[in-house]
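Colleague: I'm new to this one and would love a guided tour. Could you show it to me first, and then let me ask about one part at a time?

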Amino acid sequence: MVDIGEDTNTKRSINAISGPSISTNTLANNKWFGHICYMYEKDAKKFMHLQWYQHGSKILLQETAHPQALFLTDECDDVLIESIYQKANLRVLGSTEEEPPVAPDTEENSFYTGLRWDKQNHAFFERTEEKRQQVLQFCKCGKPCESCGQKRLLKERQHWTVKDDVLRQGDVHYHIHDFVYIRPAIPKTDVYIIGQIIRIHRGAREKAHTVDIRVFERYDLVARLEKKSQFAEHETDQRRLFRTGKVYENENVSAIEGKLYVVHSASLSERKLEKWVSHDDHFYVDLQSKSSRPKQVDFLEDLPLKTFKRCEECYGARRELLEIQKTLEAQHEPLRGLELFSGAGGLSAGLDQSGFVKTKWAVEWTTSAAMSYAANHPETVVYNQCVNACLKHAVDTEEGKSPEPLPSLNKRVREKLPPMPKPGEVDFIYGGPPCQGYSKMNHHKFFLLENVDGLFDFNSNAEQNGNRTVGGYKMGAVKFILSAMISLGYQIHFRLLNAGQYGAPQSRLRVIFLGAKRYLPLPMFPIPTHCTADDVYKRKLPTGDTLYPLVRFRPYDADLTNALVHLQYAPLLPVTVEDAISDLPKFDWIDPHVVFASTDNDLSEIGRRHLQGIKRFSVVPDPDADSIRPYCGYNKKTPYVHEPLNRYQRWIRSGSDQVAYHYTARFRSNIVERTVWVPLVPDANYTTLFRRIDGKGQFKTALTTVNPNCKTGHVLHPTQKRVITVREAARAQGFPDSWEFVSEQTIPAKIIQDQFRQIGNAVPVPLALALGKSVGSALVSMWQEDDLREQVGREHSPEVPMNIE
Ligand SMILES: C[S@@+](CC[C@H](N)C(=O)[O-])C[C@H]1O[C@@H](n2cnc3c(N)ncnc32)[C@H](O)[C@@H]1O
Ligand SMILES: [Zn+2]
Ligand SMILES: [Zn+2]
């Protein structure tokens with residue numbers, strides 16, 4: 001413990017004396033805490049080198065911090081020995097130990113520590129002993145300090161060198177014919193430039209190394225600009241590249257932000273190519289053009305296989321890595337998942353698709369959503385019950401109270417529900433709203449909490465005063481989730497993610513908390529794969545710090561106040577509304593002409609649209625017909641009229657050969673007439689209601705209710721005279737076409753309401769899939785380390801006969 005000095009970080013020093021950061025432990029308010037790494041003498045003065053701890057109250061936990069908890073940071077300083085106030089009594093928690101309970105009469109100088117605090121990434125994390133040793137290797141001799149070591153390691157990792165035509169950044173090697181992502185010259189969010197290294201030039205200094213690259217362009221940039229029809233019906237493919245005649249000379253290496261892998265499509269079978277492009281950072285090429293922006297895709301020529309070059313060393317290494325991962329995956333079972341607040345199952349659909357998770361239990365209290373869930377997951381035990389009741393039941397059972405079985409809330413079935421999984425049976429818990437009950441179930445290894453970004457504005461303990469909330473802990477919900485999970489022995493971090501940046505055709509934000517027990521690797525957040533117009537989601541935190549967006553690469557010494565270092569460049573173009581739904585059968589609502597009579601113009605337009613294959617369906621209610629055709633559109637499953645036009649459509653169709661739920665509700669004639677009159681141009685509207693979606697953009701609103709005349713009604717189809725269908729809403733959220741949306745209702749208007757609600761409530765499947773892959777990467781790295789340890793153990797073990805073949 002040392003006396004408080006002057007904190008050069010002014011935000012932090014202001015926060016330290018602010019109300020929410022004052023701890024009941026006065027030492028926490030009046031002293032600083034550090035770990036003495038080493039001591040030395042200079043100019044007849046005695047110094048120590050301290051690695052700092054932070055008390056929980058002075059970081060994001062604020063009011064929710066445990067009075068006795070300290071967190072080690074990667075910050076350090078030289079401090080005069082005479083500033084020592086006294087020795088801090090600090091106990092280090094074992095990696096499976098829970099936080100001791102808060103006890104009011106605890107001695108003030110009695111601290112414990114377990115997790116570390118990464119202030120840049122707002123992460124409470126554990127550094128394994130192996131990692132710690134690795135970090136310490138970067139320290140100068142006789143000056144062991146993890147914090148100094150970590151800083152040097154980060155610097156080394158980003159250090160560029162050139163030797164014998166090999167360009168290195170840390171452990172990454174770039175060769176001639178390797179493919180790289182290059183940050184675009186104009187600093188605004190965009191896709192990366194994709195280039196193939198053709199020459200490497202050694203500069204006099206590190207910052208002066210350069211490369212010459214040949215530009216490979218995205219096929220889709222040409223296809224999207226070429227306007228064949230009103231509703232782009234040409235095929236696109238986000239993984240397809242063409243080689244251009246454009247070469248950038250002397251591109252500074254600091255513009256390189258990573259590697260990608262490109263094959264020539266003729267070198268792989270169709271099936272293998274599909275598998276290839278299912279991985280991040282994988283592309284293929286089959287075409288070429290002198291120009292980098294030809295006006296039509298027809299101007300592109302075939303690229304002969306023999307003229308395509310790639311770096312065989314890196315390609316081979318990549319294939320080997322994929323093989324190892326595949327083998328590891330096959331050797332291990334997926335995590336057994338329990339999904340809370342499951343809705344119709346968007347989150348688990350994505351997590352399960354990653355292959356690393358298998359949802360075995362799900363809890364959802366609305367009967368319709370629980371029915372949908374069960375219909376799509378025949379192997380999952382679905383509890384149509386309240387989450388809290390289920391968790392209480394589990395805890396009571398665990399405590400030997402033998403509670404009565406819970407009844408299903410399904411009024412028609414009223415069955416007794418099976419017991420909840422026992423501790424140890426669940427590996428991974430995930431779900432929606434934060435819930436007290438989570439903390440009663442702490443035997444799982446991993447957890448994921450998702451919520452809308454409104455969670456950030458939610459102050460706990462606040463009081464309602466008229467329509468304002470007053471008082472309370474600022475961002476209380478976030479702080480409580482963090483401190484509750486930390487107290488149970490989990491590492492945790494959180495981010496605001498935009499579903500569109502993971503390949504969903506919508507720009508919606510979700511707050512995600514990811515956690516893992518301390519003895520396990522903490523999964524990283526997935527780095528954006530798609531660029532969207534709405535990037536950079538900064539949020540001010542109550543400590544005065546900022547939550548920054550995730551980027552692929554950030555210089556270790558970046559000035560975080562510079563907005564340019566937070567631009568979210570990504571490899572792939574956004575998935576647009578058109579991309580998501582352009583292959584579906586087309587139809588217009590029939591204009592009832594109640595107010596305006598039909599004209600000749602109307603008639604000829606109908607003829608024109610008929611020729612474009614646009615059908616017409618009556619939408620106003622008709623008591624005679626509605627029992628057979630309760631909805632407007634395709635009441636029954638109908639064949640696709642197109643082949644899939646892009647990768648998104650192919651992915652979402654997999655397993656189904658027909659379109660279901662391609663219908664809208666029925667509406668009164670005045671609403672219908674207004675809707676069909678809205679011009680067929682992006683964002684056209686009637687009195688700001690009846691808004692038309694921009695086909696080239698992304699879905700914006702939550703699609704829980706699809707009414708043209710409601711405030712959130714950004715729901716008119718981009719080119720057809722109607723609102724979007726249930727199927728189109730499901731496509732917006734990434735639900736597979738085979739997904740069933742069931743309802744306990746019997747009245748059609750209520751059933752369709754239920755279907756939209758289940759869809760709109762979901763976590764977009766592509767985002768969930770990206771999160772599943774991230775959890776998977778953490779598992780793979782753990783399995784690899786386990787294997788390695790086992791191998792080393794075996795080599796050192798005398799029982800193993802050394803001459804075995
Ligand atoms: C935002 S949705 C989550 C959707 C889901 N994660 C998905 O991706 O499809 C929240 C769901 O929690 C359900 N819910 C809310 N409170 C509940 C409770 N106490 N017990 C069980 N389910 C609850 C709601 O009915 C709703 O379906
Ligand atoms: Zn240091
Ligand atoms: Zn290479």
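**A friendly tour**

Colleague: Let me start with Gln62: is this residue buried or exposed?

Modeller: A residue counts as buried under 20% relative accessible area, exposed over 50% and partly exposed in between, using a 1.4 Å probe and the protein chains only. Gln62 has a relative accessible area of 2%. That places Gln62 in the first class: buried.

Colleague: Before we go on, what kind of model is this?

Modeller: Residues are numbered from 1 along each chain as its sequence is written, while chains are lettered from A and ligands numbered from 1 in the order in which they are written. Side-chain values use heavy atoms, leaving out hydrogens and water; local features need pLDDT of at least 70, side-chain atom pairs count only at pLDDT 80 or more, and totals for chains, interfaces and linings use all residues, since this is a predicted model.

Colleague: Thanks! Back to Gln62: in which loop is this residue found?

Modeller: Helices (H or I, at least four residues) and strands (E, at least two) are DSSP runs, numbered from the N terminus. Gln62 is not a glycine, and yet its phi is positive, about 40°. Its place is the loop between β3 (45-55) and β4 (69-80).

Colleague: And what is the phi of Met475?

Modeller: Met475 sits in the loop between β24 (468-470) and α11 (476-487). With a relative accessibility of 7%, Met475 counts as buried. Although Met475 is a residue other than glycine, its phi is positive, near 55°.

Colleague: Which residues donate to the zinc ion (ligand 3)?

Modeller: Donors are N, O and S atoms within 2.8 Å of the metal (3.2 Å for Na, K and Ca), and sites may look incomplete because water is not among the atoms. Along the sequence, the donor residues are spaced H-x2-D-x132-C-x2-C. At 2.0 to 2.7 Å from the zinc ion lie the protein donors: His175 (ND1), Asp178 (OD), Asp178 (OD), Cys311 (SG) and Cys314 (SG).

Colleague: How many residues apart in sequence are the parts that Asp178 and Cys314 tie together?

Modeller: Asp178 is buried, at 4% relative accessibility, and Cys314 is buried at 8%. Asp178 belongs to the loop between β10 (172-174) and β11 (179-182) and Cys314 to helix α7 (residues 312-331), so the parts this pair ties together are apart in sequence by 136 residues.

Colleague: Which residues have the most contacts inside the largest nonpolar core?

Modeller: A nonpolar core is a set of buried Ala, Val, Leu, Ile, Met, Phe, Trp, Tyr and Cys residues joined through side-chain atoms within 4.5 Å. The largest has 50 residues, and among the elements that each supply at least two of them are α12 (577-581), β29 (587-589) and α17 (748-760). A second, separate core has 33 residues, including Leu115 and Phe447. In the largest core, the residues with the most contacts are Trp589, Phe667, Phe699, Leu703 and Phe735.

Colleague: What does Trp677 touch, apart from its neighbours in sequence?

Modeller: Trp677 is in helix α15 and, at 47% relative accessibility, counts as partly exposed. Contact means heavy atoms within 4.5 Å. Leaving aside neighbours within four places in sequence, the contacts of Trp677 are Asp591 and Phe596.

Colleague: How many residues of helix α9 are buried?

Modeller: The buried residues of α9 include Thr367, Ala370 and Tyr373. They pack against β18 (335-340), α8 (346-353), β19 (357-363), β20 (381-383) and α17. Helix α9 (residues 367-376) is mostly covered, for of its 10 residues the number buried is seven.

Colleague: Last one: how much space lies in the largest cavity?

Modeller: On a 1 Å grid over the protein atoms alone, a cavity is a set of points where a 1.4 Å probe fits but cannot get out, and its lining residues have an atom within 4 Å of a point. Grid points are joined across faces, edges and corners, and a volume is the space filled by probe spheres set on the points. The whole structure has eight cavities of 30 Å³ or more, and Trp117, Lys119 and His122 are among the residues lining the largest. The space in that largest cavity is about 120 Å³.

Technical notes: On a 1 Å grid over the protein atoms alone, a cavity is a set of points where a 1.4 Å probe fits but cannot get out, and a pocket is an open set with protein on both sides within 12 Å along at least five of seven lines; lining residues have an atom within 4 Å of a point.
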